[in-house]
Amino acid sequence: MSRFKTFLWFQDRKRPPSEYEEVTAFYSTWGIPFLPDQEGSPLAGKTAQPFLMNPETTAIHEFMKPHTVLRSVYWEGFRDPHQIYYKIYNQMQWESEAALDRVLRTAEEVGHFDRLPEGYRAALETTWPPLRFLEWAVVKAMQDVAHYAPSSPVDACATFQVADGLRFVQRNITYSLRLGMGGHKERWLQDPLWQPLRRLAEEILTLRDWGEAVVAANLGLQKGLLQRIFPAFVTQAQKAGDFVFLHLLKELETDLGRHVDWAQALVDYLAEDPRHGEANRVQLGVWQERWTSKAEAALKPLEEAIQKGVGVEG
């Protein structure tokens, strides 16, 4: 008998589940934790699960497929290293958005935008606004991950990342509009600077294995943005004295860091799987090498363009 009151799937544990675990685990995985191959699940092999009735002829059958070549004996065992759930996420992002709004109001009051160097604004117009299209591709990829991943904790990570991505797009648009920037779609579609990243975005959107999509989007593209593109933006914003853009970048960096962290935690979890770890490590290694290389090549022209900062001083 459990020493604490909780859900059935947590009752055999020696310690009570955290609030994150109680509201995250098992909430979106349908019949998957009941499948016999989920050896690590406390529900594996149970026959009382209604979703297992005649799976070949029910709509739920499609959701009980892994939709990845990766395997795990306990998909529900993964945990977000930041343990984000609805209440925490809303509070955290509300505070972040409120801080951004205060900075913007202060900037308007002191005439900050009117004093930015024209050369800096011109350089930023080439390198900042089209990022919204790149991030939108990541949003679409994470929607697929949330839809197909056979794990509630993975679903939660991907879903919160979708919300982060929408925030990225919105803040990109509002800051671009405030600086009077235009022509972004044409630049994304036609400017040679952006075509490597456009190609990368489209390749990510063609992926049908949600596991590879996580590696490509987060450990390839998002990690590259975090390590190469954002630091280059920070350097130029510091030179121009653009404290608003600096604040925006640091807030978005926090989001990107969480995306990289949960993706790496998932890779580590699957690599240590007691039954499938070796096969997972081989496959994940192939994917990481492939998408890190692709991301580095696609991001290099943009990084160099930001670093040039044409006319920042003038």
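**Close-up views of an all-helical chain, residue by residue**

**H259 is a buried residue, with a relative accessible area of 2%.** This view, like the others, is drawn from a predicted model. H259 lies in helix 9, which covers residues 243-271. Because buried means a relative accessible area under 20%, the value of 2% places H259 in the buried class. Leaving out residues up to four places away in sequence, H259 touches Q161, D164, N218 and Q222.

**F245, also in helix 9, is buried and has contacts with several other residues.** The relative accessible area of F245 is 0%, so this residue counts as buried. Once its neighbours within four places in sequence are set aside, F245 is found in contact with Y120, L124, W128, Y175, F233 and A237. One of these contacts, Y175, is 70 residues away from F245 along the chain, yet the C-alpha atoms of the two residues are separated by 8.2 Å.

**Helix 2 and helix 9 cross with their axes within 9 Å of each other.** The angle between the axes of helix 2, made of residues 86-110, and helix 9 is roughly 165 degrees, and the two helices are therefore roughly antiparallel to each other. The crossing in which helix 2 passes helix 9 is left-handed. Which residues meet where these two helices come together? On the helix 2 side they are Y89, M92, Q93, S96, A99, L100, V103, L104 and A107, while on the helix 9 side they are F243, V244, H247, L248, E251, D255 and R258.

**Helix 8 has a kink and is largely enclosed by the rest of the structure.** Helix 8 runs over residues 210-240, and its kink of about 35 degrees is centred on L226. Of the 31 residues in helix 8, 23 are buried, which means that this helix is largely enclosed by the rest of the structure. At the start of helix 8, a side-chain oxygen of D209 comes to within 2.8 Å of the backbone nitrogen of G211. At the other end, helix 8 is followed by G241, a residue with a positive phi, near 70 degrees.

**Helix 8 packs with helix 10, their axes being 8 Å apart.** Helix 10 covers residues 277-308, and the angle at which helix 8 and helix 10 pack is about 25 degrees. That angle makes helix 8 roughly parallel to helix 10. As for the hand of the crossing, helix 8 passes helix 10 in a right-handed one.

**M181 is a buried residue in the loop between helix 5 and helix 6.** Helix 5 covers residues 152-178, and helix 6 covers residues 184-190. With a relative accessible area of 7%, M181 counts as buried. Apart from neighbours within four places in sequence, the residues in contact with M181 are R121, L124, E125, P129 and S176. In sequence, M181 and P129 are 52 residues apart, and the distance between their C-alpha atoms is 7.8 Å.

**H184 in helix 6 touches P129 and S176, among other residues.** The relative accessibility of H184 is 8%, so H184 counts as buried. Not counting residues up to four places away in sequence, H184 touches P129, P130, R132, F133 and S176.

**F26 and Q83 are residues of the loop between helix 1 and helix 2, and each has a positive phi.** Most residues other than glycine have a negative phi. Phi of F26 is near 70 degrees, and phi of Q83 is near 50 degrees. Is each of these loop residues buried or partly exposed? F26 is buried, at a relative accessible area of 11%, whereas Q83 is partly exposed, at 35%.

**The chain as a whole, given as background to the views, has 10 helices and 0 strands.** Read from the N terminus on, the elements run α-α-α-α-α-α-α-α-α-α. Of the 314 residues in the chain, 51% are buried. Among the contacts with a separation of 6 or more, 78% are between residues 24 or more positions apart.

Methods:
Residues are numbered from 1 along each chain as its sequence is written. This is a predicted model: local features need pLDDT of at least 70, side-chain atom pairs count only at pLDDT 80 or more; totals for chains, interfaces and linings use all residues. Side-chain values use heavy atoms; hydrogens and water are left out. The bend at a residue is the angle between axes fitted to the seven residues ending there and the seven starting there. Helices (H or I, at least four residues) and strands (E, at least two) are DSSP runs, numbered from the N terminus. Buried means under 20% relative accessible area, exposed over 50%, partly exposed in between (1.4 Å probe, protein chains only). A polar contact is a pair of N or O atoms within 3.5 Å; within protein, one must be able to donate a hydrogen and the other to accept it, and residues adjacent in sequence count only if both atoms are side-chain atoms. Contact means heavy atoms within 4.5 Å. Axes are lines fitted to C-alpha atoms, for helices over the stretch in contact, and angles run from 0 to 180 degrees between N-to-C directions. Angles under 35 degrees count as roughly parallel, over 145 as roughly antiparallel, 65 to 115 as roughly perpendicular and the rest as oblique. A crossing is left-handed if the near helix is turned anticlockwise from the far one by less than a right angle, and right-handed if clockwise.
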